[in-house]
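Here is my note on the model you sent round, set out as numbered points. Please read it with the structure open beside you.

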Amino acid sequence: MTILTRYLIREIIRHFCMVLGVVITVYLAVDFFEKIDNFLEAGVPATKVFWYFLFKIPLVITHVLPISLLLSILVTFGLMKKQNELIALKSSGVSIFRLFKSVAALGVLGTGLLLVLSEMVVPGSMARSNQIWRQDVRGGATLTTRENIWIRGDHAFYKIDQYDPGSRVMYGLTAYHLDDRFLFSRRLDAKRGIYEEDRWILQDLMAQDFDPETGMPEVSFYEEKAIPMELHPEDLMQVAKTPEEMNYRDLRAVIRDIEAGGYDATRYRVDLQHKLTFPLVCLVLSLIGTAVAVRSKLKGGLPVIVSYGIGIAFLYYIVLSFCISIGYGGMLPPVMAAWAAHVAFLCAGGLA
């Protein structure tokens, strides 16, 4: 490893640690002030509040690590440009490609770190964080397994095969309603439930209303019917795992379960491909950051370079989110939806 490579890596890592620390602090501070009222109303001890936010840090890191790496690269090269170090290197025959090799190594390292965090650390830490929120703050009695979700209400038990938090759709609902004597008064079986306008609309519904004297059911069938229930999407969000809280194996198992039940798993297939490709954002932003920082046409110093780079990163995330969204809608195959933005910006960064 040359002196130049060690110097670049040391400076980028130093700025990366500072930027990452600031971004994580701001992120957690905003989250803390949003949730502090809930913790106080529930009387949650300060120790559990501390552990709740501590367990969220790995997820926060996965969200802010790419942009922190980009900013650290821009700041490092911006300071080198301000001190005429880039001019001295170019005058000595050092090419941009040689500079990029050092940055690319950090991009690969960031990609690996992001992959390890999302696969091995985040699922477990978010499970513990959600457990604190669900049991100590929400106070709900829930039981969740890979195959289904059980929720106990005031006078009912709900079993849900699958729940999609993004579209607020539940599949395979069975609701058991109890009367004041804790006897079955009603049973609902629906293939699908959609939450719209503060109510659940159940599709392919079979309703059984039990006679309180004889216990015999009166069965009714509906193609679609709005049914009042005490369930809310926020309640299901606490027990239904999001793709960020699952590793690759868990997400594949969910897809297998959904498709085995005859449901559409397109959204989860897109998330599966996105889980594989998202860590590459570190490498792509490393290339883009280096290309932007060393361009001699940009005038205005460090603030302009950083602003320009942040604008590109913002555009990157917009395009990535757009591709994922149209993949959810089935307008792009899952593989193409996950890879399109990365390939496009990787080519743009190479041409820059």
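The points below take up the pocket, a helix contact, one loop residue and the paired strands in turn.

1. Before anything else, please keep in mind that this is a predicted model, and that the values quoted in the points that follow are computed from its atoms.

2. The largest pocket holds about 660 Å³ of space. Its lining is made up of 25 residues, and those closest to the centre of the pocket are His-63, Pro-243, Glu-244, Asp-271 and His-274. When the lining of this pocket is sorted by class, 13 residues are nonpolar, 7 are polar and 5 are charged.

3. Four helices deserve attention when you look at the walls of the largest pocket, since at least two lining residues come from each of helix H2 (46-82), helix H4 (96-138), helix H7 (266-277) and helix H9 (302-328).

4. Among the residues closest to the pocket centre, His-274 is a useful one to follow. His-274 sits in helix H7, and its C-alpha lies 9.6 Å from that of Pro-243, although the two residues are 31 positions apart in the sequence. Leaving aside residues up to four places away in sequence, His-274 touches Leu-320, Ile-324 and Ala-338.

5. How do H7 and H9 pack, in terms of the angle and the distance between their axes? The angle is about 145°, and the axes are 8 Å apart. On the H7 side the contact is made by Thr-266, Arg-267, Val-270, Asp-271 and His-274, while H9 contributes Leu-320, Ile-324, Gly-327 and Tyr-328. By class, this contact of H7 with H9 has 4 nonpolar, 3 polar and 2 charged residues. Asp-271 and His-274, which take part in this contact, are also among the residues closest to the centre of the largest pocket.

6. Asn-247 belongs to the loop between helix H5 (233-239) and helix H6 (248-260). A polar atom of the Asn-247 side chain lies 2.8 Å from the backbone nitrogen of Asp-250. Asn-247 also touches Glu-119, Pro-123 and Lys-275, where residues up to four places away in sequence are not counted.

7. Turning to the strands, S2 (residues 149-152) and S3 (residues 156-164) run antiparallel and are joined by 4 bridges, with a hairpin of 3 residues leading from S2 to S3. Within this pairing, Trp-150 has Lys-159 of S3 as its bridge partner.

8. S3 pairs in turn with strand S4 (residues 169-178), again in the antiparallel sense, over 8 bridges, and Tyr-163 stands opposite Met-170 in S4. The hairpin formed by S3 and S4 has 4 residues between the strands, and Arg-168 in the turn has a positive phi of about 55°.

9. Strand S5 (residues 184-196) and strand S6 (residues 199-210) are also antiparallel, with 10 bridges joining them, and Leu-188 stands opposite Ala-207 in S6. Here the hairpin has 2 residues between the strands, and Glu-197 in the turn has a positive phi of about 55°.

10. S6 is joined to strand S7 (residues 217-227) as well, by 10 bridges and in an antiparallel arrangement, and Leu-205 stands opposite Tyr-222 in S7. In the hairpin of S6 and S7, 6 residues lie between the strands, and the turn includes Gly-215, whose phi is positive at about 80°.

Conventions:
Residues numbered from 1 in each chain as written. Predicted model: local features only at pLDDT ≥ 70, side-chain atom pairs only at ≥ 80, totals over all residues. Heavy atoms only, no water. 1 Å grid on protein atoms, 1.4 Å probe; cavity = no way out; pocket = protein on both sides within 12 Å on 5 of 7 lines; lining within 4 Å. Points joined across faces, edges and corners; volume = space filled by probe spheres on them. Nonpolar A, V, L, I, M, F, W, Y, C, P; charged D, E, K, R; others polar. Contact = heavy atoms within 4.5 Å. Axes fitted to C-alpha atoms, helices over the stretch in contact; angles between N-to-C directions. Pairing = 2+ DSSP bridges. Polar contact = N/O pair within 3.5 Å; in protein donor to acceptor, adjacent residues only side chain to side chain.
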